[in-house]
Amino acid sequence: MTRRGLLAALPALPLAAQIHEEIRRMAASAPLRLRFGGGDAQDCRRWQQAFGARLREMLGPFDPPARWETVVEDTAEFEDHRREALLLRAEGCRDLPVYLLLPRKHPGKRPGILALHGHGAFGYDPVAGIGATPERRAEIENAHYDYGLQLVRHGYAVAVPCFTPFGRRLGDRAAHRGEDPCAVAFVRMQLLGKLLIAENLRDALWSLELLSRHERVDAARLACAGLSYGGRMAMLTSALSPRIRAAVISGALNVMQERIQGRYSCGAQVIPGLLEWGDVPEIASLIAPRPCLWEVGRRDGLMVKEWIGPALERMRRAWQAFDRAGNLMVDSFDGGHRWNGAEAYPLLARVLQP
């Protein structure tokens with residue numbers, strides 16, 4: 001149906017409701033023109049090339065800088081690991097805060113894992129296990145949020161970047177009370193020709209490059225993991241960086257076609273024009289045939305259950321085309337919107353062999 005046709009069907013609604021109803025109807029009938037219909041490995045590679053090129057075009061520039069200065073802000077020594085608070089600085093980029101966690105009990109070169117945070121009051125701190133206040137400890141406990149800390153204890157070198165606009169890259173939360181920082185940052189950056197999710201993708205890839213160049217890291221053994229928005233970014237980063245050998249995506253198995261049928265405002269996840277060509281299942285399918293694990297809490301209210309099965313079915317076509325159906329996995333656990341780890345840690349150990 002054309003936009004004119006949609007509007008013609010709305011005259012009985014109050015004016016204020018018409019735009020929302022129009023968006024819902026357009027979302028429900030989104031074109032998704034580049035969905036993968038199935039086939040063999042060659043068919044899937046051709047599709048990945050076509051959809052990947054379209055995705056990169058929609059995102060715009062996201063390459064990390066080739067050279068940068070690393071400022072060591074602080075170091076902390078613990079019995080089992082060392083935590084370095086770093087600031088990556090390059091011309092034309094905002095300073096990027098990153099925690100680098102290095103195991104002490106495992107000498108030599110280690111596999112590296114990029115651990116990405118989601119929404120929350122404290123940005124990247126909880127993932128690194130920083131719980132200096134009761135509020136911070138509660139966030140870690142409720143979401144099992146310290147997976148970066150748990151990963152370094154498993155023997156991995158771990159990079160934990162801070163995304164925009166979260167934690168210290170947001171500043172005083174009281175000054176932003178009553179607004180959605182993701183929506184505000186998205187709109188302001190769009191007026192400057194920048195895309196928030198692409199900027200965060202650049203910072204994820206920059207942190208991955210930091211890991212790969214570190215003397216303690218084996219650049220041939222890299223993986224990516226994240227919860228919630230961190231899961232969304234783990235998916236996108238893994239889709240566009242073939243050097244990532246495995247992805248763990250937690251609390252993010254939903255699709256934008258469903259999200260925008262409600263009053264959705266998270267500009268940190270918006271790729272303008274995406275639904276013309278595909279959605280989350282198509283982005284995730286760029287990871288195939290590499291191992292990809294989705295963590296799904298059966299009591300997670302942020303994922304709409306009736307959309308999960310069809311989304312997975314669209315993804316399975318890609319892994320099946322490569323005859324690697326077993327590399328697309330789902331950890332469906334009894335819990336809410338949190339990291340689980342029960343299948344993630346064994347998967348990462350199988351792939352990365354720490």
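In this predicted model, Phe 163 and Tyr 229 are both buried. The two rings also pair up with each other, in an edge-to-face arrangement with 5.8 Å from centre to centre and 75° between the planes. Phe 163 comes from the loop between strand S5 (157-161) and helix H6 (181-190), while Tyr 229 belongs to helix H8 (residues 229-240), so this pair ties together parts of the protein that are 66 residues apart in sequence.

A second pair, Trp 339 with Tyr 345, is put together a bit differently: here the rings are tilted, with 55° between the planes and 6.1 Å between the centres. Trp 339 is buried, at a relative accessible area of just 2%. Tyr 345 comes out at 16% relative accessibility, and since the cut-off for buried is under 20%, Tyr 345 counts as buried too. These two rings don't sit on their own, either: along with Tyr 145 and Tyr 147, Trp 339 and Tyr 345 make up one aromatic cluster. Taken over the whole structure, the tally of aromatic pairs is nine.

Aromatic rings also turn up with arginines over them. Arg 54 has its charged end over the ring of Trp 277, at 4.0 Å from the ring centre. Tyr 99 is another such case, with the charged end of Arg 83 sitting over its ring, 5.9 Å from the centre. That last distance still makes the list because the limit is set at within 6 Å of the ring centre.

Definitions and conventions
Residues numbered from 1 in each chain as written. Predicted model: local features only at pLDDT ≥ 70, side-chain atom pairs only at ≥ 80, totals over all residues. Heavy atoms only, no water. Phe/Tyr/Trp six-rings, centres within 6.5 Å; stacked < 30°, edge-to-face > 60°. Helix = DSSP H or I, 4+ residues; strand = E, 2+ residues; numbered from the N terminus. Buried < 20%, exposed > 50% of the residue type's maximum accessible area, 1.4 Å probe, protein only. Lys NZ or Arg CZ within 6 Å of the ring centre and 35° of its normal.
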